[in-house]
Amino acid sequence: MSATNQLRADHDQVRRLEKIVLKCSKELYKGTKIPFSDLTKITIVISEFIDSIHHSREEDSYFPCVASYDTLKEEIRKFMIEHEFGRNIARQISHHLKRWKDGEDAQEPVSRYLRTYAIFLNDHLNKENKFFDDAEANVLSKEEEIEMYEQYRSVFAIVKKVDEMIVEIDYLENQPWAKN
C-alpha cells in the first residue's frame, strides 16, 4: 500500500458517508423521523474521521511532501480552503442539531447543511482524486509513498479509530431511513 492508496481508501469510506448524509438530508426534508443518535453519529464521523484523521493526513503529510517539489501548490492551496469550508459546514450541522435537540425547530437547517455537506464532499473528492492521480504519477517517489503510508499506520490509536469510524458508517448504512 502507498500513501496515495491509503488516501483513496479513506475516500472510499467518505463516499459511503456522503451517500448517507445525502439520504439523511432527503429523508429529513420528507419528514422522516431520524433518531438524534444517528444524526450525532454522522457529526462524529465527520469530525473524527474526515477532519481529524483524513484531512490531517493530507494537510500534515501528503500536501507538504507534494508541495516540496514546488508543484501543484495552487491545487493544494485550494484544497486547504475547501477543507476549511467543509469544517464550517460541519460546524453549522452541529450547531443546528444542538438547537433542534434543545427543542427549537431546526430540522430544516440541519437537513439543508447536511445536503450542502454531501454536495461539498462529492465535488471535493472528485477533485482530490484527480490530484492524487497526478501526484502519484508525476511527483512522489515510491519511497516517499511507502514512508508516508508507514507514518499513517504507525499510530495504533488512529488505526483503531479509523476501524471504529468504519463500524459507525456500517451502522448508519443499515438504518431503516438510510436504505433504498
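The following exercises, each with a worked solution, concern a predicted model.

Local features are taken only where pLDDT is at least 70, side-chain atom pairs count only at pLDDT 80 or more, and totals for chains, interfaces and linings use all residues. Residues are numbered from 1 along each chain as its sequence is written, and side-chain values use heavy atoms, with hydrogens and water left out.

**Exercise 1. The annotated domain**

Task: State which residues UniProt assigns to the feature "domain: Hemerythrin-like", and describe the secondary structure there.

Solution.
- Step 1. The UniProt record, an unreviewed entry, places this feature at residues 4-130. UniProt positions are given in the numbering used here, feature names are shortened, and annotations may be inferred rather than shown by experiment.
- Step 2. Over residues 4-130, the chain is 88% helix and 0% strand. Helices (H or I, at least four residues) and strands (E, at least two) are DSSP runs, numbered from the N terminus.
- Step 3. The end C-alpha atoms of residues 4-130 are 11 Å apart.

**Exercise 2. Aromatic pairs**

Task: Count the aromatic pairs, and classify the pair of tyrosine 62 with phenylalanine 132 and that of phenylalanine 63 with phenylalanine 79.

Solution.
- Step 1. Nine aromatic pairs are present in the structure. Rings of Phe, Tyr and Trp (its six-membered ring) pair if their centres lie within 6.5 Å; planes under 30 degrees apart count as stacked, over 60 as edge-to-face and the rest as tilted.
- Step 2. Tyrosine 62 and phenylalanine 132 form an edge-to-face pair, because their ring centres are 5.4 Å apart and their planes stand at 80°.
- Step 3. Since tyrosine 62 belongs to helix 2 (residues 36-67) and phenylalanine 132 to helix 4 (residues 107-138), this pair ties together parts that are 70 residues apart in sequence.
- Step 4. Both tyrosine 62 and phenylalanine 132 are buried. Buried means under 20% relative accessible area, exposed over 50%, and partly exposed in between (1.4 Å probe, protein chains only).
- Step 5. The pair of phenylalanine 63 and phenylalanine 79 is stacked, with 5.9 Å centre to centre and 20° between the planes. Phenylalanine 63 is in helix 2 and phenylalanine 79 in helix 3 (residues 73-101), so that distant parts of the chain, 16 residues apart, are linked.
- Step 6. Phenylalanine 63 counts as buried because its relative accessibility is 1%, and phenylalanine 79 because its value is 4%.
- Step 7. Ring pairs join Tyr62, Phe63, Phe79, Phe131 and Phe132 into a cluster.

**Exercise 3. The nonpolar cores**

Task: Identify which residues touch the most other members of the largest nonpolar core, and which helices supply it.

Solution.
- Step 1. A nonpolar core is a set of buried Ala, Val, Leu, Ile, Met, Phe, Trp, Tyr and Cys residues joined through side-chain atoms within 4.5 Å.
- Step 2. The largest such core has 33 residues, and Ile42, Leu114 and Tyr117 touch the most other members.
- Step 3. At least two residues of this core come from each of helix 1 (3-30), helix 2, helix 3, helix 4 and helix 6 (156-173).
- Step 4. Leucine 114 touches Val21, Cys24, Ser25, Leu28, Leu39, Ile42 and Ile93, not counting residues up to four places away in sequence. Contact means heavy atoms within 4.5 Å.
- Step 5. A second, separate core has 17 residues, including Cys65, Ile76, Phe79 and Val139.

**Exercise 4. Polar residues of helix 2**

Task: Determine whether aspartate 38 is buried or exposed, and name the polar contact partners of aspartate 38 and serine 61.

Solution.
- Step 1. Aspartate 38 lies in helix 2 and is buried, with a relative accessible area of 1%.
- Step 2. Its side chain makes a polar contact of 2.8 Å with the side chain of tryptophan 177. A polar contact is a pair of N or O atoms within 3.5 Å; within protein, one must be able to donate a hydrogen and the other to accept it, and residues adjacent in sequence count only if both atoms are side-chain atoms.
- Step 3. Serine 61 is also placed in helix 2, and counts as buried at 9% relative accessibility.
- Step 4. The side chains of serine 61 and glutamine 151 make a polar contact (3.4 Å).

**Exercise 5. Positive phi values**

Task: Locate aspartate 70 and leucine 72, and state which is buried and which is exposed.

Solution.
- Step 1. Most residues other than glycine have a negative phi.
- Step 2. Aspartate 70 has a positive phi of about 60°, and leucine 72 has a positive phi near 55°.
- Step 3. Aspartate 70 is in the loop between helix 2 and helix 3, as is leucine 72.
- Step 4. Aspartate 70 counts as exposed at 60% relative accessibility, whereas leucine 72 is buried with a relative accessible area of 12%.
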